[in-house]
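Me: Could you take a close look at the ligand site here and walk me through what surrounds it? I'd like the contacts, then the space around them.

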Amino acid sequence: MIGSAKPHELADELIGRAGELAAAVEAGASEVASLDALAELERTVVKGALAEVKKGIKAVDGTDRARVGQALSAAEARAKAAIEVRRHAIAAAQRSEAHERERLDLTALGTGYERGHLHPVTQVWRELEDIFLGLGYQVYYGPEAEDDWHNFEALNFPPGHPARAMQDTLYLEVGEAESTLLRTHTSPCQIRLMESQPPPIYAVMPGRTFRRDTMDARHSPVFHQIEALVVDRNVTMGDLMGTIDVFFRALFGPDIDARFLPSYFPFTEPSAELGVSCPFCERSGCRTCSNTGWIELGGCGMVDPNVFSAVGLDPQEWSGFAFGFGIDRIPLLRNEIDTLHTLLWDNDVRFLNQF
Ligand code: PHE
């Protein structure tokens, strides 16, 4: 058919045929899904049918040669481009499929670093400081290693006084026997403060304290206390109770009550035991408060005149109150954790994370 055409007709026919084949390659290429099928398309159409059409150019009239030649080259270029574009697309798809299939999970095992936070005792310690700073108090830290004078003598514990024996003191092998010790309470800070500055004094003194106890549910050889001292003119027991009331409510919330029971401390007179209404049972009695409805936190009282005398203050002129209590039970009470305080020292993050 190609060979029998008239010269000009032949030229148009070749051009038309080449255009159809190029269009067929473009359409076919976009449908094949494998490199093999694409190679087959290239073999039959581009190298087969299209090459065959090109051979027909010999029979074309000389005046049409250039026109036909250009048109056939353009058609061939279209077909080859369609094949190449598709080849790249298929190869890229196969590569990413292979990558996906051969992927190795190189994620490092491990839990990463967790952000820490302050220990519950430290949190309460700082909160206590904040509450008292808000009341206009100063914060004072005394030394943990103390001498007998500050820890006992100036606080009106004379040598051989039975109250000394109640304190289970840890002595240090420094100087004369039993002259240096780890402070058994924060009360020696009262003495240091009165020795170092004149009244009026409004201060809190938090810190670590030490006693010769074996760790169990209720005891620890290291624990924390916070001491408060007020020295001014005409300070009364009412000031003491009012201050504790305000402070307990700031710490535990408005539904809490403070309780004062007559007690004895050598450095306060009168003295009282300081209790808080049980936050677990609202005073109806439970295991935590041993069915009393109250939890003991510490002691308080009016500064004993002998203490003023020991630091050179005139007991006729100055009056004051002091209180001191343990910090460690507070995070447990406030979070209603009816459990052993040893959890605070174990440093098990599963427990500590909850605060
Ligand atoms: N220091 C006493 C104790 O550790 C508590 C206390 C402090 C009592 C201040 C009265 C005044 O038990």
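Reply: Let's start with the contacts. A polar side-chain atom of S187 sits 2.8 Å from a nitrogen atom of the ligand, a polar contact here being a pair of N or O atoms within 3.5 Å (inside the protein, one must be able to donate a hydrogen and the other to accept it, and residues adjacent in sequence count only if both atoms are side-chain atoms). Bear in mind that this is a predicted model, where local features need pLDDT of at least 70, side-chain atom pairs count only at pLDDT 80 or more, and totals for chains, interfaces and linings use all residues. Residues are numbered from 1 along each chain as its sequence is written, and side-chain values use heavy atoms, with hydrogens and water left out.

H185 makes a contact too: an N or O atom in its side chain is 2.9 Å from a nitrogen atom of the ligand. With Q225, the ligand partner is an oxygen atom, 3.0 Å from a polar side-chain atom of that residue. The protein covers 92% of the 330 Å² of accessible area that the ligand has on its own (Shrake-Rupley method, 1.4 Å probe; for residues, only the protein chains shown count as cover).

Zooming out a little, there are 14 residues around the ligand, and H185, S187, R211, Q225 and E227 come nearest; a residue is near if one of its heavy atoms lies within 4 Å. By class, that shell has five nonpolar, seven polar and two charged residues. The classes go like this: Ala, Val, Leu, Ile, Met, Phe, Trp, Tyr, Cys and Pro are nonpolar, Asp, Glu, Lys and Arg are charged, and the others, Gly among them, are polar.

As for where the shell comes from, β6 (222-232), β9 (294-303) and β10 (319-326) each supply at least two residues. The largest share, three residues, is from β10. Helices (H or I, at least four residues) and strands (E, at least two) are DSSP runs, numbered from the N terminus.

Now the space itself. The ligand sits in the largest pocket, meaning that more than half of its atoms lie within 2 Å of the pocket's grid points. A pocket is found on a 1 Å grid over the protein atoms alone, as an open set with protein on both sides within 12 Å along at least five of seven lines, and its lining residues have an atom within 4 Å of a point. The volume of this pocket is about 1,400 Å³, that is, the space filled by probe spheres set on the points, which are joined across faces, edges and corners. Of its 48 lining residues, R218, E296, L297, G326 and R329 are the closest to the centre.

The lining of the largest pocket draws at least two residues from each of β6, β7 (258-265), β8 (268-277), β9, β10 and α10 (329-334). By class, the lining has 21 nonpolar, 16 polar and 11 charged residues.

For context, the second largest pocket holds about 180 Å³ of space. Its lining includes F252, D255, S277, E282 and R334, and the residues lining it divide into five nonpolar, one polar and six charged. E282 has a backbone quirk as well: a positive phi of about 45°, although it is not a glycine. You'll find E282 in the loop between β8 and β9. In strand β8 is P270, and the peptide bond from E269 to P270 is cis, with omega near -5°.

Technical notes:
1 Å grid on protein atoms, 1.4 Å probe; cavity = no way out; pocket = protein on both sides within 12 Å on 5 of 7 lines; lining within 4 Å.
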